[in-house]
Amino acid sequence: MNLNLVFRISAIISAINGVGLLFMTGTFFEMAGFTLSPSLITCGQFLGVTVLFLALVQWRIPDFAGEAAASSLGNLWGIGNIMWLVILGYHMMTGQAAGATAYINAVLFVIFAILFFMYSRKSE
């Protein structure tokens with residue numbers, strides 16, 4: 001495995017989350033233990049498009065970034081995964097998020113943070 005592959009796998013997982021948020025918003029949020037409202041559905045769909053855009057950026061990073069830039073971006077993406085983990089962990093601890101969606105994403109954030117940091121170091 002290398003950093004380019006980590007970006008691509010992470011992009012696929014992000015795209016799955018984005019599609020879930022965009023097209024199955026109610027199911028996605030219900031699995032996380034959220035109470036649905038029309039406003040939450042609207043916000044979730046916008047978030048879905050944003051996550052899909054980030055997935056496209058992740059997918060293209062290996063194509064347009066040189067080796068040194070990819071390493072820096074890998075570290076940045078690792079930090080982003082930690083930030084997502086911290087806010088998700090906070091929401092889980094306060095009872096604002098739960099269920100399969102929250103737990104699976106928490107595990108994925110940990111795995112990808114480790115992979116991004118590990119493979120960014122190897123490509124420096």
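**Helix packing, pockets and a salt bridge in a predicted model**

Me: In this predicted model, at roughly what angle do the axes of helix 1 and helix 3 cross?
Reply: Helix 1 covers residues 3-23 and helix 3 covers residues 38-64. Their axes come within 8 Å of each other, and the crossing angle is roughly 165 degrees.

Me: Is helix 1 roughly parallel or roughly antiparallel to helix 3?
Reply: Angles over 145 degrees count as roughly antiparallel. The axes of these two helices cross at roughly 165 degrees. Helix 1 and helix 3 are therefore roughly antiparallel.

Me: Which class of residue, nonpolar, polar or charged, has 15 members in the contact of helix 1 with helix 3?
Reply: The crossing of these two helices is left-handed. In their contact, two residues are charged and nine are polar. The class with 15 residues is nonpolar.

Me: Which residues in helix 1 and helix 3 meet in a salt bridge?
Reply: The count of salt bridges in the model comes to two. One of them has a distance of 2.7 Å from N to O, and a salt bridge requires such a pair to lie within 4 Å. Its partners are 55 residues apart and link distant parts of the chain, one in helix 1 and the other in helix 3. They are Arg8 and Asp63.

Me: Which helix supplies the largest share of the lining of the largest pocket?
Reply: The largest pocket holds about 780 Å³ of space, and 30 residues line it. Helix 1, helix 2 (25-31), helix 3, helix 4 (67-93) and helix 5 (99-122) each supply at least two of the lining residues. The largest share is seven residues, and it comes from helix 3.

Me: Which residues lie nearest the centre of the largest pocket?
Reply: The lining of this pocket divides into 20 nonpolar and ten polar residues, with no charged ones. Nearest the centre of the largest pocket lie Leu21, Leu47, Trp84, Asn105 and Phe109.

Me: Which helix gives the most to the lining of the second largest pocket?
Reply: The second largest pocket has a volume of about 230 Å³. Two or more lining residues come from each of helix 1, helix 2 and helix 5. The most, five residues, come from helix 5.

Me: How many charged residues are in the lining of the second largest pocket?
Reply: This pocket is lined by 13 residues, and those nearest its centre are Ile16, Asn17, Phe28, Met31 and Thr101. By class, eight lining residues are nonpolar and five are polar. The number of charged residues in this lining is zero.

Methods. Residues numbered from 1 in each chain as written. Predicted model: local features only at pLDDT ≥ 70, side-chain atom pairs only at ≥ 80, totals over all residues. Heavy atoms only, no water. Axes fitted to C-alpha atoms, helices over the stretch in contact; angles between N-to-C directions. Helix = DSSP H or I, 4+ residues; strand = E, 2+ residues; numbered from the N terminus. Parallel < 35°, antiparallel > 145°, perpendicular 65-115°, else oblique. Left-handed = near helix turned anticlockwise from the far one by under 90°. Nonpolar A, V, L, I, M, F, W, Y, C, P; charged D, E, K, R; others polar. 1 Å grid on protein atoms, 1.4 Å probe; cavity = no way out; pocket = protein on both sides within 12 Å on 5 of 7 lines; lining within 4 Å. Points joined across faces, edges and corners; volume = space filled by probe spheres on them. Salt bridge = Lys/Arg side-chain N within 4 Å of Asp/Glu carboxyl O.
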